[in-house]
Amino acid sequence: MNGNLKIKALPAEFYDRFLSDRAKKLQPSPIRGLYPLEKKPGVISLLAGKPEPSTFPFTSLTFTAKDPLKENSESTITISQDQLSPGLQYSDTAGIPDLLKWITTLQEIAHGRKHGMHASGEGEEGWRLSIGSGSQDLISKSATTLINPGDSVLVESPVYAGIIPIFKHMDCKQIEVPTDAHGIRASSLKEILENWPEGEKKPKLLYTVPYGCNPTGMTASLERRKEVLKLARQYNFIILEDDPYYYLYYGKSARPTSYFALEVTEPCGEEAGEPYCEVGRVLRFDSLSKILSAGLRIGFATGPEAILRKVDMLTANANLQVSSLTQLIAFRLLDSWGYDKFFAHTKNVSAFYAQKRDIFERELKKWLGGGVPEEGESDEGRLADWVSPEAGMFFWFKLLVDTPNNSSSQDSDEQDSRTLIETHAYANGVLALPGTVFLPNGSKTPYVRASFSLLTEDQVVEAMKRLRKTVLEVRSE
Ligand code: PMP
């Protein structure tokens with residue numbers, strides 16, 4: 001794909017060090033493993049215990065969907081009886097073939113990485129797809145595939161709260177890598193790796209949410225990403241790129257490249273005078289939850305065959321596959337749109353959240369940013385600190401309950417927002433999430449996560465007034 005650079009996919013043996021003992025013991029399902037053989041023309045299959053779809057009561061499915069290019073315009077999509085039967089039947093563990101094909105091309109377009117299957121099942125550039133019941137399903141199964149009890153994992157901090165119990169359940173050590181306004185701090189990661197305790201097992205992986213991070217709203221800069229990938233290659237770990245907010249990027253500058261895409265543009269050395277890129281170190285998670293519907297429960301993992309075949313085996317054990325019907329509905333919608341309309345739709349969605357962000361920030365500034373005081377109020381200065389998000393649906397902010405002159409105050413970084421939010425703010429009729437739930441090792445933090453995705457403008461104004469009232473009350477206590 002990349003004109004000048006030679007691409008070298010990491011060999012299957014490379015993953016031996018990374019697969020958990022549990023994953024190594026997993027075997028393909030004896031029935032599902034033979035499914036591909038059924039597809040050979042002329043073969044009469046007596047294989048699977050599949051019910052006959054014509055005995056099911058569903059005969060067709062019709063739904064309407066917005067046209068992303070025309071405001072207030074809808075089209076009707078009808079799935080006929082023939083088209084519906086794959087949606088009513090068991091299908092391949094990794095996903096229904098039509099949807100896998102559509103998403104494969106999407107990944108090629110979005111991340112510039114060509115996919116072509118070799119007979120070995122490995123992609124030309126070392127990748128394939130697996131569909132899961134939301135990306136959460138795939139992240140959890142990937143953790144089972146990669147982690148042994150006692151392993152160390154690098155986790156950006158603050159981190160998506162939904163990953164913490166997964167890693168706890170795996171009994172691994174979570175090593176926190178701090179983040180700031182530019183995303184994960186590559187220099188801190190470097191320091192952690194350089195000073196790794198002797199005798200301690202080296203970390204196998206790094207978990208990061210690179211766009212519109214949940215909870216901080218931050219997007220990692222391109223520079224940081226390049227440095228992190230370089231460190232992953234140098235210190236030999238895998239990057240779990242959890243990216244459900246990729247299509248919700250609304251920053252002013254160009255969208256930074258994904259880790260998955262960087263693998264084929266960032267050379268890691270030269271061979272016979274030619275620069276080359278090594279690929280297969282990034283396992284990427286996407287989700288349809290924020291762009292088509294969270295209720296569809298469809299996410300997809302993109303990465304090396306050696307890992308995803310084990311993830312599929314876990315799926316075969318746990319739930320056989322993701323609902324064929326929701327996959328079919330997603331496919332029929334996407335297929336009727338085509339890629340141009342899909343990208344137009346994601347652009348509309350990100351513009352929607354950009355507008356929500358603007359309203360939230362405008363009111364945050366007005367009520368808590370040291371703006372003009374209300375009539376009868378004294379100027380209390382700034383009541384909150386935050387960094388404006390460039391993607392996603394979250395603000396991460398600190399309520400400044402201690403005035404600079406308040407000598408009794410502790411260092412505000414040592415304060416915890418839990419009581420402030422759960423007691424004081426809640427008593428005033430506003431609820432947010434105390435930041436501590438996003439810290440893998442449960443430390444305290446004065447930060448709070450506010451989600452702005454569902455709020456009307458009036459609700460934002462009212463929420464900010466209530467937060468202002470809360471801070472002023474606590475300050476005067
Ligand atoms: N990762 C992150 C960072 C998330 O914020 C979420 C959803 N809140 C998920 C994964 C799970 O998303 P899905 O609906 O695809 O399972």
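**Stop 1: the ligand**

Start with the shell around the ligand: by class, this shell has 4 nonpolar, 8 polar and 1 charged residues. Here Ala, Val, Leu, Ile, Met, Phe, Trp, Tyr, Cys and Pro count as nonpolar; Asp, Glu, Lys and Arg count as charged; the others, Gly among them, count as polar. This is a predicted model, in which local features need pLDDT of at least 70 and side-chain atom pairs count only at pLDDT 80 or more, while totals for chains, interfaces and linings use all residues. Residues are numbered from 1 along each chain as its sequence is written.

Which residues are closest to the ligand? Select Gly134, Ser135, Gln136, Ser287 and Ser289, the closest of the 13 that surround the ligand. A residue is near a molecule if its C-beta atom, placed from the backbone, lies within 6 Å of it. Now colour helix 5 (residues 134-146), which gives the largest share of the shell, 3 residues. Helices (H or I, at least four residues) and strands (E, at least two) are DSSP runs, numbered from the N terminus.

**Stop 2: strand 9**

Select residues 238-242. This is strand 9, and 5 of its 5 residues are buried, so the strand is largely enclosed by the rest of the structure. Buried means that 20 or more other C-beta atoms lie within 10 Å of the residue's own; exposed means 12 or fewer; partly exposed is in between; C-beta atoms are placed from the backbone.

Show the side chains. In a regular strand they alternate between the two faces of the sheet. In strand 9, Ile238, Leu240 and Asp242 point one way, and Ile239 and Glu241 the other way.

Add strand 8 (residues 205-208). It runs parallel to strand 9, joined by 4 bridges. Strands pair if DSSP finds at least two bridges between them. Find Thr208: its bridge partner in strand 9 is Glu241.

**Stop 3: the cores**

A nonpolar core is a set of buried Ala, Val, Leu, Ile, Met, Phe, Trp, Tyr and Cys residues joined through C-beta atoms within 7 Å. The largest one has 77 residues. Select Leu154, Leu205, Leu206, Tyr207, Ile238, Ala301 and Ala330, which touch the most other members. Helix 11 (residues 324-368) gives the largest share of this core, 8 residues. Another core, of 38 residues, lies apart from it; Tyr247, Tyr250, Val401 and Val460 are among its members.

Zoom in on Tyr207. Not counting residues up to four places away in sequence, Tyr207 touches Val153, Val155, Glu156, Val159, Ile163, Leu240 and Asp242. Contact means C-beta atoms, placed from the backbone, within 7 Å.

**Stop 4: an open sheet**

Next, find the open sheet of 3 strands, in the order 1-11-10, with mixed pairing. Why is one side of strand 1 (6-9) and of strand 10 (269-271) left without a neighbour in the sheet? Both stand at the edges, each with a single partner strand, so one side of each has no neighbour there. Strand 10 and strand 11 (residues 274-279) run antiparallel, joined by 3 bridges. Look for Glu271, opposite Glu274 in strand 11.

**Stop 5: three loops**

Select Pro158, in the loop between strand 5 (152-157) and helix 6 (164-169). The peptide bond from Ser157 to Pro158 is cis, with omega near 0°.

Move to Arg297, between strand 12 (282-287) and strand 13 (299-303). Its phi is near 55°, a positive value in a residue other than glycine. Arg297 is partly exposed, with 19 other C-beta atoms within 10 Å.

End at Leu320, in the loop between helix 10 (305-318) and helix 11. Phi of Leu320 is positive too, near 65°.

Conventions:
Contact = placed C-beta atoms within 7 Å.
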